[in-house]
Amino acid sequence: MSNTLHHPSQFLSPEDVQTIRQQSAEAEQHGKLTPVLLDLIYRKQWFKMLVPATYGGLALSLPEVVRLEEALSWADGSLGWVVTLCSGAGWFVGFIHPSLANQILNDTKLCIAGSGASTGTAEIIGEGFRINGTWKYASGVHHATHITVNCVITKNKQPQLTASGQPLVLPFILYRKDVELLPGWKYVGMIATGSDAYTIENIMVSANRCFKIEPGAAYIQSPLYTYPFLQLAEATLAANLSGLAVHFLDLCKNIFEEKAARFTEQRDEKRKIIFAALHENEMQLHNKRAPFYEALSASWIEPCNQALLQQVSTYSRQLALISREAVDNLYPYCGLLAAAPNTEINRVWRDIHTASQHSLLTFQTL
């Protein structure tokens, strides 16, 4: 089997997988990651996988990051999603003024959460800004040390415009204490992500809290900050869905083997049907993982090659689509066990159907 088809389990130690899965049900019960899971994340520095080495982060290459995030989502969907979203926000540190970045990163439990929605305003007041707004679905917000917000920039309460005449939207980074959490995550899956909402009312911040996410605005000279944010986001989210799908297929194999052991010779045809379906969907999933990882690796070497970047976008969406379809194709063969909310396979099913609603990967690019 080629390297592109390595099982996600090869990128985590068996001990870490055991710890994660032993804690998954409890995390879901409490609606957020447990202290045991957080301690593992801090020790492994998974929230800092995209933080520059200059600031003590892991500074992994993007292909390494995506492999690890797929493996974490294979271990548990909620943990993988929180690490992906919060480590992705940690990538922003490369665009934040060093004087502020050094303050932010002086925390062994650094966790940056946020929302990409532009549902706030930042009114220019002298040399700073006054921020107001409410944002939804901030994964990991309960563990966050810092929060990012996207704001429409205003002056005298009038939106400031870009050169193309569009409202100017810029991100800001704030301390967790500056925001008020609101209960908002009431969905069937990804329950342990604790992806609640938050609101801000009349918080004054200095200008260095504002940053731009574009290669020319990076303070750290590294390939990590010349790679486009769009493809970085698409690839990391697609890997989460792929990891969940591989987990589901692994669980299906165990269930099918137990079913097959109970089949009589007269029911041998059912055995053939379920294992043929498993094999077909495994191959379809792996046949999308292969070009996805190949395109990602090639684009990492040539981050300005628009054709390669378009391939990353295309394969990310295709991988997300086939991941969900593979799960749905096999679900009917799993019996009522897959419909029981307290089972591992049901949690994976609920997680992938919740995560796949992310708007970034909704539409397939052909």
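A residue counts as buried when its relative accessible area is under 20% and as exposed when that area is over 50%. The exercises below apply this and similar criteria to a predicted model.

**Exercise 1. Two residues with positive phi**

Task: Determine where methionine 190 and asparagine 156 are found, and whether each is buried or exposed.

Solution.
1. Methionine 190 belongs to the loop that runs between strand 7 (180–182) and strand 8 (197–206).
2. Its phi is positive, about 50 degrees, although methionine 190 is not a glycine.
3. The relative accessible area of methionine 190 is 2%, so this residue is buried.
4. Asparagine 156 is placed in the loop between strand 4 and strand 5 (158–159).
5. Asparagine 156, likewise not a glycine, has a positive phi of about 55 degrees.
6. With a relative accessible area of 63%, asparagine 156 is exposed.

**Exercise 2. The surroundings of threonine 154**

Task: Locate threonine 154, classify its accessibility and identify the side chain with which it forms a polar contact.

Solution.
1. Strand 4, which spans residues 146–155, contains threonine 154.
2. Threonine 154 has a relative accessibility of 7% and therefore counts as buried.
3. Leaving aside residues up to four places away in sequence, threonine 154 touches Ala122, Glu123, Ile124, Pro159 and Gln160.
4. The side chains of threonine 154 and glutamate 123 are joined by a polar contact of 2.4 Å.

**Exercise 3. The surroundings of threonine 199**

Task: Describe the position of threonine 199, its contacts and its separation from tryptophan 91.

Solution.
1. Threonine 199 is part of strand 8.
2. Its relative accessible area is 18%; because the limit for a buried residue is under 20%, threonine 199 is buried.
3. Residues up to four places away in sequence being excluded, threonine 199 touches Gly133, Thr134, Val179, Glu180 and Leu182.
4. For glycine 133, the backbone oxygen lies 3.1 Å from a polar atom of the threonine 199 side chain.
5. Threonine 199 and tryptophan 91 are separated by 108 residues in sequence, and their C-alpha atoms are 23 Å apart in space.

**Exercise 4. Cysteines and disulfides**

Task: State how many disulfides the structure holds, and explain why the sulfur of cysteine 252 is not bonded to the closest cysteine sulfur.

Solution.
1. A disulfide is a covalent bond between the sulfur atoms of two cysteines.
2. The structure holds zero disulfides.
3. Cysteine 151 takes part in no disulfide, and the nearest cysteine sulfur, belonging to cysteine 210, is 8.6 Å away.
4. Cysteine 151 has a relative accessible area of 0% and is therefore buried.
5. For cysteine 252, the closest cysteine sulfur is that of cysteine 334, at 3.5 Å.
6. The criterion requires the two sulfur atoms to be within 2.5 Å, so the separation from cysteine 334 is too far for a bond.
7. Cysteine 252 is also buried, with a relative accessible area of 0%.

**Exercise 5. The packing of helix 1 and helix 3**

Task: Classify the relative orientation of helix 1 and helix 3 and describe their contact by residue class.

Solution.
1. Helix 1 (residues 14–30) packs with helix 3 (residues 62–75) at an angle of about 45 degrees, and their axes are 9 Å apart.
2. Angles under 35 degrees count as roughly parallel, and 65 to 115 as roughly perpendicular; helix 1 and helix 3 are therefore oblique to each other.
3. Helix 1 contributes Val17, Ile20 and Arg21 to the contact, and helix 3 contributes Leu72, Trp74 and Ala75.
4. By class, this contact has five nonpolar, no polar and one charged residues.

Methods. Residues numbered from 1 in each chain as written. Predicted model: local features only at pLDDT ≥ 70, side-chain atom pairs only at ≥ 80, totals over all residues. Heavy atoms only, no water. Helix = DSSP H or I, 4+ residues; strand = E, 2+ residues; numbered from the N terminus. Buried < 20%, exposed > 50% of the residue type's maximum accessible area, 1.4 Å probe, protein only. Polar contact = N/O pair within 3.5 Å; in protein donor to acceptor, adjacent residues only side chain to side chain. Contact = heavy atoms within 4.5 Å. Axes fitted to C-alpha atoms, helices over the stretch in contact; angles between N-to-C directions. Parallel < 35°, antiparallel > 145°, perpendicular 65-115°, else oblique. Nonpolar A, V, L, I, M, F, W, Y, C, P; charged D, E, K, R; others polar.
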